[in-house]
Amino acid sequence: MLSKIKQLLSLFVWNIGFHKYEKELVNKYYDSSSENNSLCKQGIIVMIDGRQIHGGFADRIRGIATIYQFCKNFNVPFSVYYDYPFKLEDFLEPASFNWVCKKTELSYSKKQAKPVLLEEWMFPHKYHKLYLLLNVLFSKKRQLHVYTNSHFYYDKFSEQFNELFKPTLRLQQSIEWNLKNIGSDYVAMVFRFQQLLGDFKEGDFKVLSETDQSKLIVKCIKEIEKKWNGKDKVLVTSDSSRFLSEVSKLSFVYTIPGQVVHIDYTKDAAFETYMKSFVDFYMLSKAKEVYLLLTDDMFQSGFPKTASKVHNRPFKIIKF
């Protein structure tokens, strides 16, 4: 108990309301202006602006959904500013709640606004909710700019997501086109290689030799054939275009057209490239069952589990 108390004190009290990553943002982007911006929103604003590593699509969406639930529970105004590397509202529109924050509604005055960073790699996830609550209770700022991939309300994700988001017309048309092509009954299998196959840019993760790449592809395809029930179509999604090209040769497999990118490492891709992540997500959410298949070298992505929660579809991890 004493160590937990020390950790909380080091986060909030000893750093005078900031931990060190927040201080870095304040020093770099916030000014000492006392000007009262009458247009600026009040409350918590989830920030996806490229000033931090935000993670992939699932990290971002579950963070937004969690903070939305927090704000509902504690009666705090909520909105989202999302412009990196695209504007979220180009793909997802407000459903029953208008979450959009415009750039003109932001303040970067130190007297009006403060960043709050709740990333899992910064400090233990179990303290995120308490840390945010301390900021709400004791900060006198008009705006709290929250950067997060936290998911301390993950059990309510379906409700949160569907209250917040609906596809734009263009995205909806793409989803319907793929649903028409695959049919109504399908299961989904997801493979997350990161850079193992050498065709996906993401940080400095390991790249296998050409021989080992080929072996891994064959191993994954054999696992798909083994798990196929013999009747349903299988939607396969992956971060490897090379793997998708190979697996699409199976007659019972359906893959979604388009280039695959990681949105934290791709700043200037075409609209259609970014849209593929949204189409993948919605198509996974509509599958009868969703499986994440992985070897010891592969990454345990949160993307398929998050997608399965949109309509509460069964989800399972298969290690082979």
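How many of the 15 residues of helix 9 are buried? I'll get to that shortly. A caveat before the details: this is a predicted model.

Let's start with the sheet. Five strands make up an open sheet, and their order is 9-8-7-10-11. The pairing is parallel. Strand 9, residues 253-254, and strand 11, residues 315-319, stand at the edges. Each of them has a single partner strand, so one side of each is left without a neighbour in the sheet.

Now strand 7, residues 186-191. Strand 7 pairs with strand 8 in the parallel sense, over six bridges. One register point there: Tyr186 has Lys233 of strand 8 as its bridge partner. Strand 7 also pairs with strand 10, residues 290-294, again in the parallel sense. That pairing runs over three bridges. Two register points here. Ala188 has Val290 of strand 10 as its bridge partner. Met189 stands opposite Tyr291, also in strand 10.

What about burial? Six of the six residues of strand 7 are buried. Both faces are covered. On one side we have Tyr186, Ala188 and Val190. On the other we have Val187, Met189 and Phe191.

Next, the helices on this sheet. Helix 7, residues 210-227, lies across strands 7, 8, 9, 10 and 11. Its direction is at about 155 degrees to strand 7. Helix 9, residues 271-285, packs on the sheet too. Helix 9 touches strand 7, strand 8 and strand 10. The angle between helix 9 and strand 8 is about 145 degrees.

Back to the opening question. In helix 9, 13 of the 15 residues are buried, so to speak of this helix as mostly covered is fair. A quick geometry check on helix 9 as well. At 1.5 Å a residue, its 15 residues should span 21 Å. The end C-alpha atoms are 22 Å apart, which agrees.

One residue to finish: Gln213. Where is Gln213 placed? Gln213 sits in helix 7. Is Gln213 buried or exposed? Its relative accessible area is 5%, and the cut-off for buried is under 20%, so Gln213 counts as buried. What does the Gln213 side chain join up with in a polar contact? The partner is the side chain of Arg242, at 2.4 Å. Leaving aside neighbours within four places in sequence, Gln213 is in contact with Leu196, Leu197, Gly198, Val207, Leu208 and Arg242. Arg242 is thus on both lists, polar contact and general contact.

That's the tour. Over to you.

Technical notes:
Residues numbered from 1 in each chain as written. Predicted model: local features only at pLDDT ≥ 70, side-chain atom pairs only at ≥ 80, totals over all residues. Heavy atoms only, no water. Pairing = 2+ DSSP bridges. Helix = DSSP H or I, 4+ residues; strand = E, 2+ residues; numbered from the N terminus. Contact = heavy atoms within 4.5 Å. Axes fitted to C-alpha atoms, helices over the stretch in contact; angles between N-to-C directions. Buried < 20%, exposed > 50% of the residue type's maximum accessible area, 1.4 Å probe, protein only. Expected span 1.5 Å × (residues − 1). Polar contact = N/O pair within 3.5 Å; in protein donor to acceptor, adjacent residues only side chain to side chain.
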